[in-house]
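Visitor: Got a minute to walk me through this one? I'd like to start with the metal sites.

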Amino acid sequence: MSNGNSLRAVLEQLFSASFEPVIATSGDNHIIVANGAFFDLVRMDIDELTGEDLLNILKLKSLVDPIEEALISRRVFAQEVSVTIDDQNEVQLQLRVSQLPEGERLWVLNPKSKYDRSRDAQFDRLTGLPSQFLFDDRAEQAVITANRHNKSIALLRMGIDHFNRINEGLGHKHGDEVLKEIASRLQHTIRNSDTVARLGGDQFGFIMAISAIDDSILVAEKVLEAVNEPIIIDGHTITLTASIGITLYPDDGKEMSVLLQHAESAMRHVKSIGGHNFQFFAAEMDQRARARIQLENRMRQALTNNEFVLYYQPKVDIESNSIVGAEALIRWNDPEKGMISPVEFIPVAEESGLIVPIGKWVLEEACRQNKIWIDAGLPTVKVSINMAAPQFRDRNIVEQVREVIEKSGLPPKYMEIEITESMLVGDIETVIEKLHGLRDMGLDIAIDDFGTGYSSLSYLSRFPITTLKIDRAFVHDLESNKNTAEIARAIIALSQGLELEVVAEGAENAAHIDFLKEQGCNTVQGFFYSRPVTAEAFAELLKAGVISGDDVS
Ligand code: C2E
Ligand code: MG
Ligand code: MG
């Protein structure tokens, strides 16, 4: 062989990238080089095999002539054969032999049982990338190769941040287009010997042999950059970010299934701290992931066991001290842990999607309770509920709300929905349509925590909203921070300009009340008047009708 060494180098590279057993032989079928998958198939060592007659090893001497015949007439030889491994296991193989330019031969063996899956199972239909099935297989293969060469493997799991917003906002057709574009970019970020696969939904996996940890960082950075390039789909420009979890073999674990979980924990960790980054797996993440799963399961049970309760915090008119409304705030009365704050479980409920049934319960319960107060002849008030982003994103949200309200018998004018600024982004037209749907039903819409998000002020007038709620941070620091006072002032002025109601949250003392009164914000919700209280206690407040405030700070 004239060019033996360079051919050998090229083949070795190609071969190690392949999960199928592949062998190169001389023109008389003696092994020059073979890949890991082949050694694993025949359970022999590289030294035992180099230079040996391949057909001897496979005990397929009867094929010498048919193969010659095919190759001489420039055909690829293909035939199903049966080979006995270790004198006991018989495997069915699809053998293909073709001629290389300098007279050498390329042999490919597909073990029928393991690999004879349809192309559909191996490749993702939408993106053409390897599927989870093939990914698992290549991961196993990579481990075998890494062990043999004493190398490490990096396993990356990538998820697109908030991808459901694309599907829900622009529809699945555009969602698919985005995934295809991302897939093709990802393919260009890796070496040919590495694997990138679609693991379902917006999740992608990478397997790569690495000589140093830095190799995986480089790839992670490239991937983040590739995802972040703006995508133009049907006239919409979309800028996405991704979160990546990285785990290393053998440092982080020896079993692929465990490593895959670790990569996922690390990815989730990145998402939980804002996304658009990568992170290596750390043991605490595993614990955190477990705790999270436990919390999710407990929440699911809490829903069936009726462990959630609503507290009500009055909104008070500061001129007359009369109660003009209430916000319903959820608490979890856990039989073991006692009362749990929404701050602890709402974020996890949002991430896991559990917020959808929980949010529906909140709406039902707030309607039911308010109807009871009205029927009991108490002064009527509007009760507001908090709607989380995943609830609002649902295409049928307006219908769902309508159904619940109709069933409860509560006149809709006694219900208000609080949403946040972050829910006003994305597909603006759809957002406006939903808000109109809710308004047409007779509901009020408040923007909660106003001033903390980054809604564009020029857009604000396009949304059919009724109320701005000043975030409590701007009320809390009034005395100590001149800037926050300015922000509170600006929000009050803005609401007056747009003819919106304005409610200040978090008023705790007389100084807060004085400032708000001066600025013309007459409705206040804060500990100064009352903390959130049980339905029974709130009924008592309603009966009294007025609350005289009390400094708490
Ligand atoms: P939020 O909607 O902005 O509710 C106001 C929060 O501020 C409540 O906390 C309330 O107790 C607190 N607050 C009111 N006045 C004062 C004050 O003067 N000083 C201080 N320090 N705090 C005051 P809470 O009940 O712990 O709820 C926290 C957040 O949890 C809510 O903020 C809301 O984002 C979320 N949340 C509560 N209930 C629900 C729910 O049913 N569904 C959803 N999706 N989120 C909820
Ligand atoms: Mg609220
Ligand atoms: Mg708020």
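Visitor: How are the donor residues of the magnesium ion (ligand 2) spaced in sequence?
Guide: The pattern is E-x58-N-x31-E-x29-D. Keep in mind that this is a predicted model.

Visitor: Which residues and atoms coordinate ligand 2?
Guide: E327 (OE), N386 (OD1), E418 (OE) and D448 (OD) coordinate the magnesium ion (ligand 2), at 2.0 to 2.2 Å. Two of these donors come from distant parts of the chain: E327 sits in strand β14 (residues 323–334) and N386 in strand β16 (residues 382–386), 59 residues apart.

Visitor: E327 and N386: buried or partly exposed?
Guide: E327 is buried, at 2% relative accessibility. N386 is partly exposed, at 30%.

Visitor: What about the magnesium ion (ligand 3), which protein donors does that have?
Guide: D448 (OD), D449 (OD) and E505, which is listed with OE twice, lie 2.0 to 2.5 Å from the magnesium ion (ligand 3). Along the chain the spacing reads D-D-x55-E. D449 belongs to strand β18 (residues 444–450) and E505 to strand β20 (residues 501–505), 56 residues apart. D449 is partly exposed at 26% relative accessible area, while E505 is buried at 9%.

Visitor: Which residue bridges the two ions, and how far apart do they lie?
Guide: D448 coordinates both, and the two magnesium ions are 4.1 Å apart.

Visitor: Switching to salt bridges. How many are there?
Guide: The count comes to 26. E327 turns up here too, paired with K469 at 2.8 Å between the closest N and O atoms. E327 lies in strand β14 and K469 in strand β19 (residues 467–470), so this bridge ties together parts 142 residues apart in sequence. Both E327 and K469 are buried.

Visitor: Anything within a helix?
Guide: Helix α15 (residues 355–375) holds E364 and K360, four residues apart, about one turn. Their side chains form a salt bridge at 3.4 Å, N to O. E364 is partly exposed at 31%, and K360 likewise counts as partly exposed at 41%. E365 bridges to R368 at 2.9 Å. E365 and R368 are three residues apart in α15, about one helical turn.

Visitor: And which residues do shared partners join into one network?
Guide: K315, E327, E416, E418, K469 and E505.

Visitor: Last topic, the surface. Where is there a patch of negative charge?
Guide: D45, D47, E48 and E52 gather in one. D45 lies in the loop between α2 (36–42) and α3 (46–49). D45 is partly exposed, with a relative accessible area of 47%.

Terms used:
Residues are numbered from 1 along each chain as its sequence is written. Chains are lettered from A and ligands numbered from 1 in the order in which they are written. This is a predicted model: local features need pLDDT of at least 70, side-chain atom pairs count only at pLDDT 80 or more; totals for chains, interfaces and linings use all residues. Side-chain values use heavy atoms; hydrogens and water are left out. Patches are made of residues with over 30% relative accessible area and no salt bridge: like charges are joined within 9 Å, nonpolar side chains (Val, Leu, Ile, Met, Phe, Trp, Tyr) within 5 Å. Accessible areas come from the Shrake-Rupley method with a 1.4 Å probe; for residues, only the protein chains shown count as cover. A salt bridge is a side-chain nitrogen of Lys or Arg within 4 Å of a carboxyl oxygen of Asp or Glu. Lys and Arg count as positive and Asp and Glu as negative; His and the chain ends are not counted. The place of a charge is taken as NZ of Lys, CZ of Arg, CG of Asp or CD of Glu. Helices (H or I, at least four residues) and strands (E, at least two) are DSSP runs, numbered from the N terminus. Buried means under 20% relative accessible area, exposed over 50%, partly exposed in between (1.4 Å probe, protein chains only). Donors are N, O and S atoms within 2.8 Å of the metal (3.2 Å for Na, K and Ca); water is not among the atoms, so sites may look incomplete.
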